[in-house]
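Here is a friendly tour of one protein model, with an eye on the details a computational chemist might like to check on screen. Have the viewer ready and follow along.

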Amino acid sequence: MRRPRRADARANAPTGASLDFLCFSARDGRLTLLAHPATGRSGRAELPWRALTSARTVTGEARRLAADLMGSVPLWMTHVATLGDGTVHPSDAPLSLIYAAVVAAGTPPPAGLAWANLSALAALPARQRQGADLGLTALRERMDREPIAFRLLDEEFTLSALQAMYELLLGQRLHKASFRRALQAAGIVSPTDSWRSEGRGRPAQLYRYAPPRRRSRRRPVRFDLLG
């Protein structure tokens, strides 16, 4: 199988290419992806995309597309790949530049789009389906060193909600005590003075994402090894 071609996100956008926006969120305990429903303009599901016909920078154009759709640029967004292997794309462009982003659970979809379960990816055009697979892989590979799980939550969250988001991304259960020890060792959450009820029992304290002020040479915490 041919490996997807990758491009430096700082490079100028090639003409005749498409820019595809993979926006992940969570709904009802599942990961979802922003898409045009199958009943849309093409009769099949599609990811949001925009034709690139100018020499603007790829990153700048991706940020403009995200802001136009979501109202603001997502807090976490990254270039995933540039695909050009002859697979089908709604634009018929020879190249597609893929950007992935995450937004907090509960974010309403823009008009004309919906949050689709990942099981619906099979209905996407071939190149967009490949890009979505690469985007999901990027989330899982980078979540131990980038604040992806935190960006899927509100600014303040309980530790139980954070663990649930990591489990959702990983697709596996994590040991509660080991997860909290890893958080404490990593020093990436800070308690607030607020509490929230999570059903029966005592209210749970709310936390915020608190990245270290200085870069550490320590290896990132591998939450996927705590199951």
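## A walk through the model

Let us begin with a single residue: Thr32 is found in strand β2. Thr32 counts as buried, because its relative accessibility is 1% and the cut-off for buried is under 20%. Leaving aside neighbours within four places in sequence, Thr32 is in contact with Cys23, Phe24, Ser25, Ala26, Arg27, Trp115, Ala116, Asn117 and Leu118. Please keep in mind throughout that this is a predicted model.

**The overall picture**

Stepping back, the protein holds five helices and nine strands. Along the sequence these elements follow the pattern β-β-β-α-β-β-β-α-α-β-α-α-β-β. The protein has 227 residues, and 44% of them count as buried. Take the contacts between residues at least 6 apart in sequence: 70% of these join residues at least 24 apart. The accessible surface comes to about 12,700 Å², with 48% of that area belonging to carbon and sulfur atoms.

**Two residues with positive phi**

Most residues other than glycine have a negative phi. Against that background, two aspartates deserve a look, and the table puts them side by side.

| Residue | Phi | Loop | Relative accessible area |
|---|---|---|---|
| Asp28 | near 50° | between β1 (17-27) and β2 (30-35) | 74% |
| Asp92 | near 65° | between β4 (76-83) and β5 (95-102) | 69% |

Are these residues buried or exposed? Asp28 is exposed, because its relative accessible area of 74% lies over the 50% cut-off. Asp92 is exposed as well, at 69%. For Asp28, the loop in question leads to β2, the strand in which Thr32 is found.

**The aromatic pairs**

How many aromatic pairs does the structure hold? There are four. A pair of aromatic rings is described by the distance of the centres and the angle of the planes. Phe150 and Tyr166 form one of the pairs, with 6.4 Å from centre to centre and 90° between the planes, an edge-to-face arrangement. Phe150 lies in helix α3 (residues 148-151) and Tyr166 in helix α4 (residues 159-170), so this pair ties together parts that are 16 residues apart in sequence. Both partners are buried: Phe150 has a relative accessible area of 5%, and Tyr166 has 1%.

Phe150 also pairs with Tyr209: the ring centres are 4.6 Å apart and the planes stand at 35°, so this pair is tilted. Because Phe150 lies in helix α3 and Tyr209 in strand β9 (residues 204-209), the pair ties together parts that are 59 residues apart in sequence. Tyr209 counts as partly exposed, at 24% relative accessibility. Phe150, Tyr166 and Tyr209 belong to one aromatic cluster, which includes Phe157 and Phe179 too.

**The sheet beside the story**

Strand β9, home of Tyr209, takes part in an open sheet of three strands, ordered β7-β9-β8 with antiparallel pairing. Which strands are at the edges? They are β7 (156-157) and β8 (189-196), each pairing on one side only. Between β7 and β9, the antiparallel pairing runs over two bridges. Phe157 has Tyr207 in β9 as its bridge partner, and Phe157 is also a member of the aromatic cluster.

Note on methods
Residues are numbered from 1 along each chain as its sequence is written. This is a predicted model: local features need pLDDT of at least 70, side-chain atom pairs count only at pLDDT 80 or more; totals for chains, interfaces and linings use all residues. Side-chain values use heavy atoms; hydrogens and water are left out. Helices (H or I, at least four residues) and strands (E, at least two) are DSSP runs, numbered from the N terminus. Buried means under 20% relative accessible area, exposed over 50%, partly exposed in between (1.4 Å probe, protein chains only). Contact means heavy atoms within 4.5 Å. Rings of Phe, Tyr and Trp (its six-membered ring) pair if their centres lie within 6.5 Å; planes under 30 degrees apart count as stacked, over 60 as edge-to-face and the rest as tilted. Two strands pair if DSSP finds at least two bridges between them. Accessible areas come from the Shrake-Rupley method with a 1.4 Å probe; for residues, only the protein chains shown count as cover.
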